[in-house]
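Visitor: Before I accept any labels on this model, I would like to hear the reasoning behind them. Can we go through it point by point?

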Amino acid sequence: MALTLYVDTTRWRAHHKHVLEQFPGLVPVCKGNGYGFGHERLSEEAARLGSDMLAVGTTYEAARIKDWFGGDLLVLTPFRRGEEPVPLPDRVIRSVSSVEGVHGLVGARVVIEVMSSMKRHGVSERDLSSLHAAIEDVRLEGFGIHLPLDRTDGSDAVEEVISWMDRLRTARLPLHTMFVSHLSASELARLQQQFPQTRFRVRIGTRLWLGDHDATQYRGSVLDVTPVAKGERFGYRQQKAASDGFLVVVAGGTSHGVGLEAPKALHGVMPRAKGVARAGLATVNRNLAPFVWADKQRWFAEPPHMQVSILFVPSDAPEPKVGDELVAHLRHTTTQFDRLVDH
């Protein structure tokens, strides 16, 4: 009895191939929990795609993934002086976002990140004059720019990259390779046309691994079903049942990521109103669970436990049976499954 991630492998891999066709030379990203699939599985899938490079989040991830992926590993978190040293092979490439950082990586393979409109990290235009001397002591793999997902100001992603390419060219810095993120295939084509001598490598994670929502599905096994009458007490806190129904114990709790939700950016009146409504219900211990039974998303009977959740299913719905599986709408990047089943 488990929380299971089911993968329609043929469909999933067909999507990978489609993305690769749109973005030749793409760099798959494998960071965090491996987008819900795990580092080892995504390392295998990247190799299957023929990728010569895999991007990871941290040096600690690189230290683990190096045993599963034989190509180059690009660490996306920028190098900082004083960071804990992690033994890594020469095929690991470090991102760096400051001139000081470049000076601290003598002899290393590096990608220099420039400051985009994300305003997260990167060298600034005024740093470019100092980079000439600094890059003499490293093996420069290229420059990189990490772009925002949304452009509410109407700005153009391609124009932002071109602006930086022009600055780098004016500063007489090498433009043989540019690593980019969050561009569409048509935007990439525009850039390649503008700079035919530069190789653009798009770092892609979510769109590659999670772009086809129907290729994967989480399901939790029903472990126990107990009838409960209106007013009857149950659970750790001995709450009263609001009506007749069933207490359904299903695999999937906080250790799996159930009940843990990352904040979302809400756009528009209706999504914000729904967010306010959910918050109001939570104040009276009414929280919607990610599990679906009889075509309806069900409510938690009480907060999820470590490895299971207890749901309340009203008596007007069919009674779940032990061994049934409930579809669970879970976020891949915050979920840890018990098992993965290819089918």
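Guide: What follows is a set of questions and answers on a predicted model.

Visitor: How do you know where domain 1 and domain 2 begin and end?

Guide: The bounds come from a domain assignment, which gives domain 1 as 8-210 and domain 2 as 216-342. The centres of the two domains, taken over C-alpha atoms, are 38 Å apart. Domain 1 brings 8 residues to the contact and domain 2 brings 10.

Visitor: What makes up the area buried between domain 1 and domain 2?

Guide: That area is about 790 Å², and carbon and sulfur atoms give 52% of it. On the side of domain 1, Asn-33, Gly-36 and Phe-37 supply 46% of the area buried against domain 2, more than any other three residues.

Visitor: How many polar contacts and salt bridges cross between domain 1 and domain 2?

Guide: There are 6 residue pairs in polar contact, and the rule finds 1 salt bridge across the interface. The side of domain 1 that touches domain 2 has 3 nonpolar, 3 polar and 2 charged residues.

Visitor: Why is the pair Arg-41 and Asp-342 called a salt bridge?

Guide: The cut-off is 4 Å between a side-chain nitrogen of Lys or Arg and a carboxyl oxygen of Asp or Glu. The side chains of Arg-41 and Asp-342 meet at 2.8 Å, N to O, so the pair satisfies the rule. The structure holds 22 salt bridges. This pair links distant parts of the chain, with Arg-41 in helix α2 and Asp-342 in strand β18, 301 residues apart. Arg-41 and Asp-342 also belong to a network of salt bridges that includes Arg-13, Glu-45 and Arg-48.

Visitor: Why is Arg-41 called buried or exposed, and what about Asp-342?

Guide: Buried means under 20% relative accessible area. Arg-41 has 13%, so Arg-41 counts as buried. Asp-342 has 40%, which lies between the cut-offs of 20% and 50%, so Asp-342 is partly exposed.

Visitor: Which other residues of helix α2 are buried, and what do they pack against?

Guide: Besides Arg-41, the buried residues in α2 (residues 39-48) are His-39, Leu-42, Ser-43, Glu-45 and Ala-46. The buried residues of α2 pack against elements including α1 (9-22), β3 (53-56) and β18 (339-342). Just after α2, Gly-50 takes a positive phi of about 85°.

Visitor: What makes Lys-66 and Asp-67 a salt bridge?

Guide: Their closest N and O atoms are 3.3 Å apart, and the cut-off is 4 Å, so the pair counts. Lys-66 is partly exposed at 26%, whereas Asp-67, at 58%, is over the 50% cut-off and therefore exposed.

Visitor: How do you know that Asp-166 and Arg-169 are about one helical turn apart?

Guide: An α-helix has 3.6 residues a turn, so residues three or four places apart point the same way. Asp-166 and Arg-169 are 3 residues apart in helix α6 (residues 157-170), which means a separation of about one helical turn. They form a salt bridge, with closest N and O atoms 2.8 Å apart. Asp-166 is partly exposed at 29%, and Arg-169 is partly exposed at 48%.

Visitor: Why is Ser-116 called buried or exposed?

Guide: The relative accessibility of Ser-116 is 6%, so Ser-116 counts as buried. Ser-116 is in the loop between β6 (109-113) and α5 (128-135). Leaving aside residues up to four places away in sequence, Ser-116 touches Ile-145, His-146, Leu-147 and Glu-160.

How values were computed: Residues numbered from 1 in each chain as written. Predicted model: local features only at pLDDT ≥ 70, side-chain atom pairs only at ≥ 80, totals over all residues. Heavy atoms only, no water. Domains from an automatic or database assignment. Contact = heavy atoms within 4.5 Å. Buried area = accessible area lost by both parts, 1.4 Å probe. Polar contact = N/O pair within 3.5 Å; in protein donor to acceptor, adjacent residues only side chain to side chain. Nonpolar A, V, L, I, M, F, W, Y, C, P; charged D, E, K, R; others polar. Buried < 20%, exposed > 50% of the residue type's maximum accessible area, 1.4 Å probe, protein only. Helix = DSSP H or I, 4+ residues; strand = E, 2+ residues; numbered from the N terminus.
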